[in-house]
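Dear colleague,

I am handing over the structure below, and after it I set out what was found. Please keep it open beside this message as you read.

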Amino acid sequence: MTNQEILEMQKIACKVRIWTIEGVFNAKSGHPGGSLSAADMMTYLYFKEMNVDPKDPKNPDRDRFVLSKGHCCPALYAALALKGYFSTDEIKILRHIGAMLQGHPDMKNTPGVDMSSGSLGQGVSAACGMALAGKLDKKDYRVYAMLGDGECEEGQVWEAAMFASHMKLDNLCLIVDFNGLQIDGHVNDVAGLEPLDKKFEGFGFEVIKINGNDFNEIESALEKAKTVKGKPTVIIANTIKGKGVSYMENQVGWHGKAPNADEYKIAIDELNAQLKELEG
Amino acid sequence: MKIATRESFGRALCELAKTHPDIVVLDADLAAATKTDIFKKEYPDRFFDCGISEANMIGVSAGLAACGKVPFAASFAMFATGRAYEQIRNSVGYPHLNVKIAGSHAGISVGEDGATHQCCEDLALMRTIPGMVVLNPADHYEMTEAVKAAYEYDGPVYIRLGRLAIDTFNDPDTYKFELGKGITLKEGNDVTVIATGLIVNEALKAVRALEEKGINARLINIHTIKPIDKDIIIKAAQETGRIITVEEHSIIGGLGEAVCSVTSEYCPVTVKRIGIDDIYGHSGPALGLWAEFGLDAEGLEKRIVELMK
């Protein structure tokens, strides 16, 4: 990526973060921490990587994205709205009665959402099914599934991982948003997740470790994943939970809490200042 | 002809797959038992063994359905609907994906394997999921047609299969399966017996025996537990004044309570439920267990007479 391209990605990612905060603030609930950590990778996927068209969201040849850590949908909704799937006005009524945008992704009613998710662990299996369908139909679309680090405590993740490598699903790329925190604390204090790379290696995956808040590293990982044949890839992306909002960064308390009016103003001011700086 | 409905299921899938290339079949290391191995032999490229991981199997099915396939996912009823309940609810039911779930070895007629494998809760669990169609066919011919109907319905379907080989009683020349419609197997106005699944055959023998003793019972076969046929139940309640339900399932949450929910709202009459009371089963030969639990023809006959007193 050229410096100019990186700058463009950073601007979009900043807007994704702004709309994430708008959504969660107006909903008075939701999950800002993991949305902000994943914002750069979702931006890259929707604005550079994936073959998708907001005017044709059901195209059978499109790439698929499953947000297995469904609670981080504020960032997904922001990316989809900025991409043109629906108006950003929808984000202002996220989680409200009658709103299209649900507290967790709903594929039936939200254009661009490829799988309903929210119950952790389940999206990985669905992504396997999508990748398998692609193999059966001899289509060359790719399937991306993003999961949380804490989510890897779910047994179903490993059932799905075993299945993915057994079926040689090299059109499947998992991305673990490794921000290190889950509701009850640090992932390694809660359930001893590490060594996660060795676990996935043992399950037959190509493992790539990156800084998930760095666009160059995101790009090179996703490019490399496309060259891997005969097995699935997992990108373990170290990220900062709450990235972009100073008081949320690396704070476990911001996993699933909305900012109050004062906190909201600080967050939006900070993100707007970052955007202004990027726009020069 | 004696044949288990799991065998009928495997054969029907295989037949249907000839003309419907979108059908794929998944199993969780029980293909030889659920009889999806019949399909596997014929269509190895469209069969996927997920190993002993029912939760993943249901999720993979959801992903396949999201890409236009029509997956039939099979396991024992206990594990398909019990272990993977939440996957069915959230990954299949909520997005209303076109996944067909087959639960074999249902009820106590699993026999010797005992309580851990005798699922008497599957119908109850599946009934609670919005948009889920719940089928419990009674014999070979009914199962064959039910599989076709499940395929034709666009959305999630649960089909209950039995282990035990049982006599066919439907006439293949006249049999007609209509999703959501009960079938009157015998007319009568003294009482209505409403039965479902493998036990329908036993109920049929029981009501015929009762006729010789002067009790003229109506017998209705409910193959679609959900959506249930309200009309046939209301009519039976109005015309016979009392109903006895018979199922190889917990009396909690199955056919009996589905019938009660119709009668209590539209035509309150006394409904007595025969099934598995609020207890677990145990090991033993299938027919011996049916007799012990009062679900064989003889037992049903006795209990119907008692309940009518």
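A crossing of two helices is left-handed if the near helix is turned anticlockwise from the far one by less than a right angle, and right-handed if clockwise. With that in mind, and remembering that this is a predicted model, we can begin in chain A, where the axes of helix α2 (residues 32-49) and helix α9 (residues 215-227) come within 10 Å and cross at roughly 60°. The two helices, α2(A) and α9(A), are therefore oblique to each other, and their crossing is right-handed. On the α2(A) side the contact is made by D40(A), M41(A), Y44(A) and E49(A), while α9(A) contributes F215(A), I218(A), E219(A) and L222(A); sorted by class, this contact has five nonpolar, no polar and three charged residues.

Turning to the two chains together, their contact takes 21 residues from chain B and 21 residues from chain A. On the side of chain B that touches chain A, α4 (54-66) and α6 (85-93) of chain B each supply at least two residues, and α4(B) gives the most, with nine residues.

Chain B also holds an open sheet of five strands in the order β9-β11-β10-β13-β14, with mixed pairing. Because β9 (183-186) and β14 (270-276) of chain B stand at the edges with a single partner strand each, one side of each is left without a neighbour in the sheet. Strand β13 (residues 242-250) of chain B runs parallel to β14(B) and is joined to β14(B) by six bridges, and T245(B) has R273(B) as its bridge partner in β14(B). Helix α11 (residues 255-266) of chain B lies across β10 (191-195), β13 and β14 of chain B, running at about 145° to β13(B).

With best wishes

Note on methods:
Residues numbered from 1 in each chain as written. Chains lettered and ligands numbered in written order. Predicted model: local features only at pLDDT ≥ 70, side-chain atom pairs only at ≥ 80, totals over all residues. Axes fitted to C-alpha atoms, helices over the stretch in contact; angles between N-to-C directions. Helix = DSSP H or I, 4+ residues; strand = E, 2+ residues; numbered from the N terminus. Parallel < 35°, antiparallel > 145°, perpendicular 65-115°, else oblique. Contact = placed C-beta atoms within 7 Å. Nonpolar A, V, L, I, M, F, W, Y, C, P; charged D, E, K, R; others polar. Pairing = 2+ DSSP bridges.
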